[in-house]
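Biologist: I should like a close look at a single part of this model, namely one strand pairing and its surroundings. Please describe it in a connected way that a first-year student can follow.

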Amino acid sequence: MSAAVLDKAQHSTWSAAEMRGLVVSEFRKTLATSAWWALLIPGVVLAVGVLALRAREEYVAFSVASASAWASLFAVLFGAVCASAEYRHNTIATSYLSAANRPKLVAAKMTCAAVVGAIYGVVCAAAAVATVPLTGTAYGNEWPWILAVSAGAAVVFALWAVLGVGLGTLLRSQVGTVVCALLYVLLIEPIIGTVFSISGWDRVSDYLPDRSATLSLHGLTGGEQFGGQFGVATPWWLMLLVAAGYAAVFIVAGIAAAQRRDIA
Amino acid sequence: MTIVAQQITDPVRKIASVDDHSGQIVVRNLSKRFRSVEAVRDLSFTVEPGQVTGFLGANGAGKSTTLRAVLGLIRPSGGEATVNGLRYSQLSHPARVVGAVLDTNGFHRSRKARAHLRIYAAAIGVPDSRAGEVLALVGLTDAANRKIGGFSLGMRQRLALATALLGDPRILILDEPGSGLDPEGLAWLRGFLRSFAATGRTVLVSSHQLAEIAQTVDRIIIISQGTRVFQGTLEELPGDNRERVRVLSSEPARLASTLSKHDIADIDALPDGWLTVVGVSPAEIGRVALAAGIAIYSMTSEQPDLEQQFLRLTVSQYPAQAGQPSARPVTEAKEGVR
């Protein structure tokens with residue numbers, strides 16, 4: 001009882017210098033290993049591939065949004081690998097010993113993953129945008145929306161990287177987190193979505209994690225002009241908030257699990 | 001002793017916990033249960049600065065669990081462990097107070113030694129130049145830019161020590177540091193720990209072999225089955241300093257029964273006909289044998305060595321022995337601070 005109170009009292013003192021040190025430490029961890037570019041490459045390839053398949057049939061901004069939405073899976077994987085690598089390589093004890101407490105370490109990890117995730121988002125969106133001329137399509141007058149979608153991609157990727165950190169901290173197993181994330185995006189959510197739409201609850205499936213991220217990007221393509229055609233009726237900012245909510249839930253769950261866990 | 005640093009008020013107990021800068025490690029009534037296994041039971045001891053304290057016990061006795069509880073990696077089921085009068089989680093810069101060497105596999109193998117140290121230098125909040133300093137301290141300067149995956153066990157052990165020293169801690173905790181070190185490395189580590197303690201700092205080092213650390217330690221704590229069975233100096237190790245006599249006679253069985261009639265009960269019969277008799281002099285055995293008409297062919301007497309005493313404590317004695325004489329009763333420890 002008193003232990004919990006004391007811990008809480010201590011946790012409330014978060015100094016900027018201390019957090020800066022922990023975040024720098026996380027960036028060094030990231031840059032000292034290959035995961036950050038090893039996961040960025042397939043993300044870029046996926047973005048380029050999706051765009052190449054769809055650019056001729058859709059508005060450019062919309063294809064960029066779809067390409068980014070698909071590639072954002074790799075931001076989740078980056079975050080998850082970031083967090084679970086500590087368990088896979090047995091470095092978690094050393095990391096906990098260097099930080100004043102565990103929430104601070106997870107927060108630093110989250111910050112680092114969010115920044116790397118945002119960079120992933122910009123790079124993947126830029127790769128998709130750069131692919132447009134190769135498909136024989138013109139940018140036309142869509143630049144404002146292309147830029148809006150790219151900025152949105154930075155935010156969505158950052159949120160997904162944060163969600164990944166939460167998931168990785170929760171599950172600890174690197175393979176487990178990657179398999180979980182892939183299964184969910186490729187299988188579970190489409191099934192749930194189908195069930196909802198059969199039941200006539202299309203709007204409910206908009207609030208599923210992957211769908212919310214996709215819809216927020218689609219919404220940034222100048223919603224009203226595509227509204228009828230693609231069924232984007234919920235505003236992009238609401239979808240972004242929903243995505244942020246999922247990221248928050250996972251990171252809070254991760255911190256709670258980290259706090260409880262014995263490192264034996 | 002200056003009492004400064006951070007002050008945390010506990011609203012429940014209405015008292016303040018302060019970093020007392022004592023350099024003491026205090027374990028008080030510590031218990032830890034992992035599902036059905038009770039790893040540590042009501043364990044109490046104090047580790048003082050300026051000394052090397054050995055923490056001994058057989059594998060599975062609860063050594064690592066205890067050390068990890070001190071380091072805040074394990075949440076105790078009962079009791080508490082403090083460093084400088086605070087729990088690890090209450091220290092504002094823990095790695096600058098306590099350095100720990102826990103295992104030799106706590107590395108990302110594809111990182112280089114210097115990169116590994118710079119990661120933790122940033123987290124601890126010490127300048128990056130510390131990485132080079134601690135590498136030099138453990139003799140790994142030449143390996144600074146090599147990947148840890150290519151390191152030998154001994155090199156990883158030294159890199160773990162370098163990591164522990166990054167924050168220039170006052171207290172050093174090492175879990176089985178001897179494993180993986182060659183004799184030269186072991187000798188180096190002994191010298192290092194002695195000089196570290198000689199500057200008034202605290203060293204707590206665990207081992208399952210008394211011989212490995214006997215030359216290094218000032219005091220030892222022995223635990224068995226999660227409970228303390230001894231705390232004190234090596235000289236105070238509870239002998240049973242009784243001598244052991246090995247006897248080869250014409251009639252081992254009759255000699256054993258005759259000896260037991262003389263209230264000499266501690267007798268082991270070995271299959272090859274030898275008897276091991278504990279606590280009686282060869283002369284006494286000779287007299288008993290002569291009176292019974294048994295011929296003695298050979299007798300050798302040996303004094304028990306430290307290792308045997310240690311083994312006796314850890315293997316054959318159970319929690320009933322928790323109250324062994326110790327130089328410093330644990331209960332005296334720092335009650336005044338709280």
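Which residue in β9(B) is the bridge partner of B:Asp175?

Modeller: The bridge partner of B:Asp175 in β9(B) is B:Ser206. This is a predicted model, in which local features need pLDDT of at least 70 and side-chain atom pairs count only at pLDDT 80 or more, while totals for chains, interfaces and linings use all residues. Residues are numbered from 1 along each chain as its sequence is written, and chains are lettered from A and ligands numbered from 1 in the order in which they are written. Helices (H or I, at least four residues) and strands (E, at least two) are DSSP runs, numbered from the N terminus.

B:Asp175 belongs to one side of strand β8(B). This strand, residues 171–175 of chain B, runs parallel to β9(B), residues 202–207, and five bridges connect them; two strands pair if DSSP finds at least two bridges between them. Another match between these strands joins B:Leu172 to B:Val203 in β9(B). On β7(B), B:Val98 stands opposite B:Ile171 of β8(B). The pairing of β7(B) with β8(B) is likewise parallel, over four bridges.

The side chains of β8(B) point two ways: B:Ile171, B:Ile173 and B:Asp175 one way, B:Leu172 and B:Leu174 the other, and all are buried. A residue is buried if 20 or more other C-beta atoms, placed from the backbone, lie within 10 Å of its own. Because five of the five residues of β8(B) are buried, the strand is largely enclosed by the rest of the structure.

These strands form part of an open sheet of six strands in chain B, ordered β7-β8-β9-β5-β10-β11 with mixed pairing. At its edges lie β7 (98–101) and β11 (227–232) of chain B, each of which pairs on one side only. From one strand to the next, the twist averages 15 degrees. Helix α1(B), residues 63–70, packs on the sheet and touches β5 (52–56), β8, β9 and β10 (219–224) of chain B; its direction makes about 150 degrees with that of β8(B). Helix α4(B), residues 153–165, also packs on the sheet, touching β7 and β8 of chain B, and its direction makes about 165 degrees with that of β7(B). Here, contact requires C-beta atoms, placed from the backbone, to lie within 7 Å. Axes are lines fitted to C-alpha atoms, for helices over the stretch in contact, and angles run from 0 to 180 degrees between N-to-C directions.

Further along the sheet, β5(B) and β10(B) run parallel and are joined by four bridges. Within that pair, B:Leu56 has B:Ile222 in β10(B) as its bridge partner. Strand β10(B) is largely enclosed by the rest of the structure, because six of its six residues are buried. B:Arg219, B:Ile221 and B:Ile223 lie on one side of β10(B) and B:Ile220, B:Ile222 and B:Ser224 on the other, so that both faces are covered.

With β11(B), β10(B) pairs in the antiparallel sense over five bridges. Here B:Ser224 is matched with B:Thr227 in β11(B). The hairpin of these two strands has two residues between the strands, and B:Gln225 in the hairpin takes a positive phi near 50 degrees.

Chain A offers a contrast to consider. It holds 13 helices and zero strands. Its helix α8(A), residues 143–171, has 29 residues and reaches 41 Å from its first C-alpha to its last, close to the 42 Å expected at 1.5 Å a residue; the expected span is 1.5 Å times one less than the number of residues. Of these 29 residues, 25 are buried, which leaves α8(A) mostly covered. After α8(A) comes A:Arg172, whose phi is positive, near 70 degrees.

The two chains also meet: 31 residues of chain A are in contact with 35 residues of chain B. On the chain A side, α1 (2–11), α2 (16–31) and α6 (92–98) each supply at least two residues. The largest share, eight residues, comes from α2(A).

How values were computed
Buried ≥ 20, exposed ≤ 12 C-beta atoms within 10 Å, placed from the backbone.
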